[in-house]
Amino acid sequence: MAMPVRQSLRVGGYILWQRLRRRAKFPLLVELEPLFACNLACAGCGKIQHPPELLKRRMPVEQAVAAIKDAGAPMVSIAGGEPLMHPQIAELVRELVALKKYVFLCTNAVLIPKKIDQFEPSRYFAWTVHLDGLRERHDASVCKEGVFDDAVAAVRECQRRGFRVTTNTTFFNTDSPQTVIDVLDYLNDDLQVDELMISPGYAYEKAPDQDRFLGVQETRQLFRKAFADGRRRRWRFNHTPLFLDFLEGRIDFPCTAWAIPSYSPLGWQRPCYLMADGYAETYRELIDDTDWSRYGRGRDPRCANCMAHCGYEPTAVLATLGSLRQSLRALRDG
């Protein structure tokens, strides 16, 4: 696990404090969506299919900060849409960093050259650049040529200026074990980003292309072959070893979507970032008024093929920190 030591200790201490307070459900990270609009139209994403009047909305900084304080999670992932389209995005990041939240700004990187001067390096801040394959594959995924080269150039500029840079890569049924290996080798060894995150794509109901999403067995076969011969230990993953075991099908977990809740201009989304069964005004309302027993594989047909990290990574984190053996394994493999 490549998470910095300070961050690991902070998250571990936070989880211990929640357990001492006997809280069964609490957030590890908040998926904050201050807008739904995007400057790209990716085939596997349904976010920009919202009505035009909603795509024009931008969450006020005060509202976003209040929501993060309400939840109390130590980490925030700012997503969208494309967050860099928000006119006050740099102010929002500064406010969250001042609260000593670990902030990951998820971006396709196209707008980084225009916005980078508004940001400052901090141990609490990292760019998270979406790169869904090497040049041809990534550009096909985002439905626009040249985006891969722009993203790589932006990553290198961020690194030159002293920023932490992580990547997030989504895989589909158009991928093979070799394409997984190729992109992770490139990000880890050539681009040398700080941390890598991966996830099988989720079948967004409104995604333009519904034929590219992986089923559970396909996901397990893909990662089992890609991770063969101990290859996965070469890559600087920002995942627990147990989550990688989960992707390979070596272990199974229940979904704990309540640990990575999503907050958007519509409120706290039930039950997760990927599905919308209504909204709550506060995190506590989300927890108390959502029937969590309804969700997960074998319970809701929409969850049947989901193995996304927003539902299963927190389960793996909690299982890791609840086991001395797994905690030592995570430190050893980091």
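The following paragraphs describe a sheet and a pair of packed helices in this predicted model.

The sheet is open and consists of nine strands, arranged in the order E6-E5-E4-E3-E2-E1-E7-E8-E9. Its pairing is mixed. Strand E6 (195-200) and strand E9 (276-280) are the edge strands, each of them pairing on one side only. On average, neighbouring strands of this sheet are turned by 30 degrees against each other, direction ignored. In general, the strands of a sheet pair through backbone hydrogen bonds, in either a parallel or an antiparallel manner.

One pairing within the sheet may be followed at the level of residues. Strand E3 (residues 102-107) and strand E4 (residues 125-130) run parallel and are joined by five bridges. Phenylalanine 104 has alanine 126 in E4 as its bridge partner.

Attention now turns to the helices. Helix H8 (residues 177-190) packs with helix H9 (residues 216-226) at an angle of about 55 degrees, and their axes are 8 Å apart. Because an angle of this value is neither roughly parallel, roughly antiparallel nor roughly perpendicular, H8 is oblique to H9. The crossing in which H8 passes H9 is right-handed.

Which residues of H8 and H9 meet? H8 contributes Pro177, Val180 and Ile181, while H9 contributes Leu222, Phe223, Lys225 and Ala226. Sorted by class, this contact of H8 with H9 comprises six nonpolar residues, one charged residue and no polar residues.

Conventions:
Residues numbered from 1 in each chain as written. Predicted model: local features only at pLDDT ≥ 70, side-chain atom pairs only at ≥ 80, totals over all residues. Heavy atoms only, no water. Axes fitted to C-alpha atoms, helices over the stretch in contact; angles between N-to-C directions. Helix = DSSP H or I, 4+ residues; strand = E, 2+ residues; numbered from the N terminus. Parallel < 35°, antiparallel > 145°, perpendicular 65-115°, else oblique. Left-handed = near helix turned anticlockwise from the far one by under 90°. Contact = heavy atoms within 4.5 Å. Nonpolar A, V, L, I, M, F, W, Y, C, P; charged D, E, K, R; others polar. Pairing = 2+ DSSP bridges.
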